[in-house]
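Reader: I would like to learn how to read an interface, a cavity and a few backbone details. Could you take me through them one by one?

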There are 2 protein chains.
Amino acid sequence: MSEKKIPYKIYLEEEEMPRRWYNVRADMKNKPAPLLNPGTLKPMTFEELRSVFCDELVRQELNDTDAYIDIPQEILDFYKMYRPAPLVRAYCLEKKLDTPAKIYYKFEGNNTSGSHKLNSAIAQAYYAKQQGLKGVTTETGAGQWGTALSMACSYFDLDCHVYMVKVSYEQKPFRREVMRTYGAQVTPSPSDTTEVGRKILSEFPGTGGSLGCAISEAVEAAGSREGYRYVLGSVLSQVLLHQSIIGEETKAALKKYNIKPDMIIGCAGGGSNLGGLISPFVGEKLRGEADYRIIAVEPASCPSLTRGKYVYDFCDTGKVCPLAKMYTLGSGFMPAPNHAGGLRYHGMSSVVSQLYDDGLIEATSVEQTAVFKAAEEFARVEGILPAPESSHAIKVAIDEAVKCRETGEEKTIVFGLTGTGYFDMVAYGKFHDGEMTDYVPSEEDLQKGFAGLPDVTV
Amino acid sequence: MSEKKIPYKIYLEEEEMPRRWYNVRADMKNKPAPLLNPGTLKPMTFEELRSVFCDELVRQELNDTDAYIDIPQEILDFYKMYRPAPLVRAYCLEKKLDTPAKIYYKFEGNNTSGSHKLNSAIAQAYYAKQQGLKGVTTETGAGQWGTALSMACSYFDLDCHVYMVKVSYEQKPFRREVMRTYGAQVTPSPSDTTEVGRKILSEFPGTGGSLGCAISEAVEAAGSREGYRYVLGSVLSQVLLHQSIIGEETKAALKKYNIKPDMIIGCAGGGSNLGGLISPFVGEKLRGEADYRIIAVEPASCPSLTRGKYVYDFCDTGKVCPLAKMYTLGSGFMPAPNHAGGLRYHGMSSVVSQLYDDGLIEATSVEQTAVFKAAEEFARVEGILPAPESSHAIKVAIDEAVKCRETGEEKTIVFGLTGTGYFDMVAYGKFHDGEMTDYVPSEEDLQKGFAGLPDVTV
């Protein structure tokens with residue numbers, strides 16, 4: 001079959017855009033383990049979950065049988081504002097690396113939230129609006145997810161209340177202002193607006209807060225207000241479903257030019273980007289239609305897939321959420337303070353965890369100075385200044401392309417470039433000033449995290 | 001002629017991309033006045049200019065006869081990394097405003113420099129490389145132009161030395177880090193690396209610097225090093241030539257869908273974006289092929305077109321550069337300290353000035369709180385968080401669309417959205433906190449600026 005000339009950037013036309021999300025769970029023989037009620041240790045029911053999440057999202061969370069779910073027209077309309085995301089042929093990077101490999105990246109950063117997070121934010125805001133809710137609450141660390149949700153809620157005229165880890169709120173005011181531009185209420189956490197916040201403040205006066213605490217406040221705030229629900233930006237199966245738009249578009253763009261990837265690489269924190277990117281390709285593997293190497297890349301300082309245990313664990317440090325079976329370092333595990341590269345979640349999406357356990361995907365870990373070096377090398381030739389998170393995938397894509405230079409193989413590499421690093425310049429500055437260090441947790445460090453695992457045998 | 005369905009975003013295909021810059025000066029009956037040697041008051045010659053700018057750029061600066069100039073293939077290749085910039089139909093904004101007007105914006109912010117500045121940076125870096133130079137120097141205030149030039153120099157492996165106004169260097173470290181990511185050397189100005197810098201430091205110890213001082217240092221640094229030239233990001237006719245890619249793409253995108261604009265709106269500081277956007281449309285007006293309302297929007301606090309004089313003036317506060325005939329407030333004019341919206345240059349491109357003087361374009365000025373209000377309104381429905389500079393055009397586009405709502409006219413409005421505001425969140429924060437004020441210079445303020453005009457009668 002003759003190959004059409006491949007442009008630098010492949011943009012799908014509006015009529016070529018996917019109109020359905022792909023639910024990889026439907027094709028998985030071994031389904032991801034269900035969320036458990038931490039009290040009864042029984043699978044969370046629709047009724048139990050609907051007090052936290054809005055109804056349609058609970059249905060999606062529990063749905064492991066329907067392979068395709070129609071994307072509502074209102075969400076498709078919103079997608080038009082920032083999608084299709086281009087699939088870019090990294091001609092300049094290939095030239096710089098002098099590799100016979102063909103490198104493509106799916107770039108999700110061309111929107112104000114700066115990342116793929118918007119794909120799920122808009123879906124979650126839409127279903128909240130459909131249910132007639134007044135608003136949603138969430139937590140955010142550095143602010144990427146909070147920004148995405150603020151944009152989505154602004155579009156649907158929903159109230160949005162973000163609990164932002166206090167130290168980020170104070171030290172990284174820019175994302176806070178972006179959220180306020182979109183009309184969100186941003187509260188530094190811990191705060192005196194919730195019971196759990198007041199408790200923590202009295203126990204630890206002057207604390208800078210943590211993501212775990214912010215989750216607890218957001219969940220409490222949603223539960224205590226009429227017409228509110230809590231939303232989460234990663235880890236959940238519903239989020240991976242929404243993020244499958246990344247993989248569906250990538251697949252359509254590759255198909256348009258008859259490109260067959262050999263390997264697909266994505267960074268992995270909670271697993272939302274990775275899961276979204278790889279879902280359709282894993283689906284082909286599961287159905288025996290194609291084979292690909294699929295590589296999850298995580299930071300060596302927070303190595304849940306490569307060094308974690310595959311067990312039930314708490315999703316949050318506050319232990320208020322359901323239990324999930326996943327590769328985990330323990331909910332008390334925290335990456336070392338020198339960790340600047342994001343992807344700091346202690347666990348991993350149940351879907352990604354099961355795929356990894358079944359050998360359908362590989363995982364590797366990389367150290368952060370090497371990640372920033374790859375980020376800078378990429379930026380200088382490809383123009384885009386990548387987010388540290390995304391740069392984990394860049395690092396491994398470069399490594400694989402260099403291997404091709406050595407072996408002469410013309411492999412086709414596709415990786416996910418999840419976002420831009422415009423709000424991460426403090427970390428880049430440390431890298432430039434030689435102040436960035438690496439950290440790999442010792443076995444002892446890991447054991448401490450594992451010691452906090454709940455005793456669940458189901 | 002039947003209208004094709006117009007997508008949200010019009011992207012040109014690679015083969016539809018303009019391959020020539022349009023030089024509006026060729027079609028102007030009244031040519032822009034030449035740059036003058038400040039010593040002799042005679043037009044600057046090729047020989048005089050080539051000690052400052054590289055040869056091909058001097059030829060472009062002096063060329064007011066060739067209507068089209070081929071874009072070198074290497075620049076077209078670089079363009080592919082971030083162009084075509086989409087022409088976006090602002091469906092959501094139209095709906096929000098409940099207007100029968102059709103609003104389009106040409107979005108130039110989808111690149112790491114965050115603005116249209118990259119269009120000229122890559123051209124200037126290319127010609128420097130072609131001439132076998134080692135590097136270039138420039139000045140930057142908040143860092144937008146410096147970032148663009150850093151990216152361009154990195155691509156062509158040219159040394160890039162940016163003198164950054166010291167107060168910005170210290171208070172806005174993020175753009176500095178972006179420049180360093182692209183390998184640029186960034187020096188806070190005034191510095192002890194130049195004679196003029198040392199002089200200023202001894203006279204004003206502890207000064208935060210100014211753009212005028214940074215220009216002087218950059219010019220001196222280029223002149224004192226073998227194989228270096230100085231480059232400038234706006235005002236010059238060569239820059240408008242490079243920026244004509246904006247207008248050429250816009251014209252091609254409109255033509256593709258048979259759209260006829262009634263008015264074209266752009267923000268105006270030094271005039272690089274405005275000039276680039278409007279050039280092809282002004283060309284049609286000049287050749288009698290079409291008619292459009294063309295509106296330059298400037299800040300009320302720095303109103304060079306609407307309240308300035310059309311005379312010869314210094315281009316820089318240091319008075320080291322040639323004299324240009326332009327609408328100007330005087331090289332000593334500085335917008336009030338509360339001015340946060342950019343576009344703070346005291347003069348205006350000679351090309352834009354002549355077009356305005358000939359009545360081919362209109363000009364209007366707007367106050368900054370209204371600009372930020374428009375920016376936020378736009379962000380909430382269109383998703384993109386605009387640069388304050390770009391938001392001047394948004395403000396007037398919204399005003400014109402609201403007029404259409406009142407009159408029922410279905411006008412087609414095109415405006416230039418030059419960039420994103422991710423590095424302007426301090427200003428957005430002031431707006432959110434109600435700390436932003438307006439300022440319109442008094443007649444007395446203006447007279448002070450005019451008092452510094454040189455006595456040139458040619």
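**Reading the model**

Author: Gladly! Chain B and chain A bury about 3900 Å² between them, 57% of it on carbon and sulfur atoms. Buried area is the accessible area (1.4 Å probe) that two parts lose on being put together, summed over both. T181(B), R380(B) and Y422(B) supply 17% of the area that chain B buries against chain A, more than any other three residues.
This is a predicted model, in which local features need pLDDT of at least 70 and side-chain atom pairs count only at pLDDT 80 or more, while totals for chains, interfaces and linings use all residues. Residues are numbered from 1 along each chain as its sequence is written, chains are lettered from A and ligands numbered from 1 in the order in which they are written, and side-chain values use heavy atoms, leaving out hydrogens and water.

Reader: How many residues of chain B are in contact with chain A?

Author: Contact means heavy atoms within 4.5 Å. On that rule, 42 residues of chain B touch 42 residues of chain A.

Reader: How many salt bridges does the rule find across the interface of chain B and chain A?

Author: The general idea is that side chains of opposite charge can pair when their charged atoms come close. The rule asks for a side-chain nitrogen of Lys or Arg within 4 Å of a carboxyl oxygen of Asp or Glu. Two salt bridges across the interface of chain B and chain A satisfy it. D433(A) forms a salt bridge with R180(B), their closest N and O atoms being 2.8 Å apart.

Reader: Which elements of chain B each supply at least two residues to the side that touches chain A?

Author: Helices (H or I, at least four residues) and strands (E, at least two) are DSSP runs, numbered from the N terminus. Those on this side of chain B are α3 (73–82), α6 (144–156), α8 (173–181), α15 (368–382) and α17 (425–432). By class, the side of chain B that touches chain A has 20 nonpolar, nine polar and 13 charged residues. Here Ala, Val, Leu, Ile, Met, Phe, Trp, Tyr, Cys and Pro count as nonpolar, Asp, Glu, Lys and Arg as charged, and the others, Gly among them, as polar.

Reader: Now the cavities: how many of 30 Å³ or more does the structure hold?

Author: On a 1 Å grid over the protein atoms alone, a cavity is a set of points where a 1.4 Å probe fits but cannot get out, and lining residues have an atom within 4 Å of a point. Grid points are joined across faces, edges and corners, and a volume is the space filled by probe spheres set on the points. The structure holds nine cavities of 30 Å³ or more, and the largest encloses about 510 Å³. Of its 45 lining residues, the closest to the centre are N110(A), N111(A), F107(B), G109(B) and N110(B). α3(A) gives the most to this lining, with four residues. By class, the lining of the largest cavity has 27 nonpolar, twelve polar and six charged residues. The second largest cavity has a volume of about 70 Å³, and its lining includes H339(B), H392(B) and Y439(B).

Reader: Which parts of chain A does the salt bridge of D27(A) and R287(A) tie together?

Author: The side chains of D27(A) and R287(A) meet at 2.9 Å, N to O. D27(A) lies in the loop between β2 (20–22) and α1 (46–49) of chain A and R287(A) in the loop between α12 (272–286) and β11 (293–299) of chain A, so the pair ties together parts that are 260 residues apart in sequence.

Reader: Where are the backbone details to look at?

Author: Start with the peptide bond from R83(B) to P84(B), which is cis, with omega near 0°; P84(B) sits in the loop between α3 and β4 of chain B. A cis peptide bond also joins S189(B) and P190(B), with omega about 5°. Finally, L343(A) has phi near 55°, a positive value in a residue other than glycine.

Note on methods:
1 Å grid on protein atoms, 1.4 Å probe; cavity = no way out; pocket = protein on both sides within 12 Å on 5 of 7 lines; lining within 4 Å.
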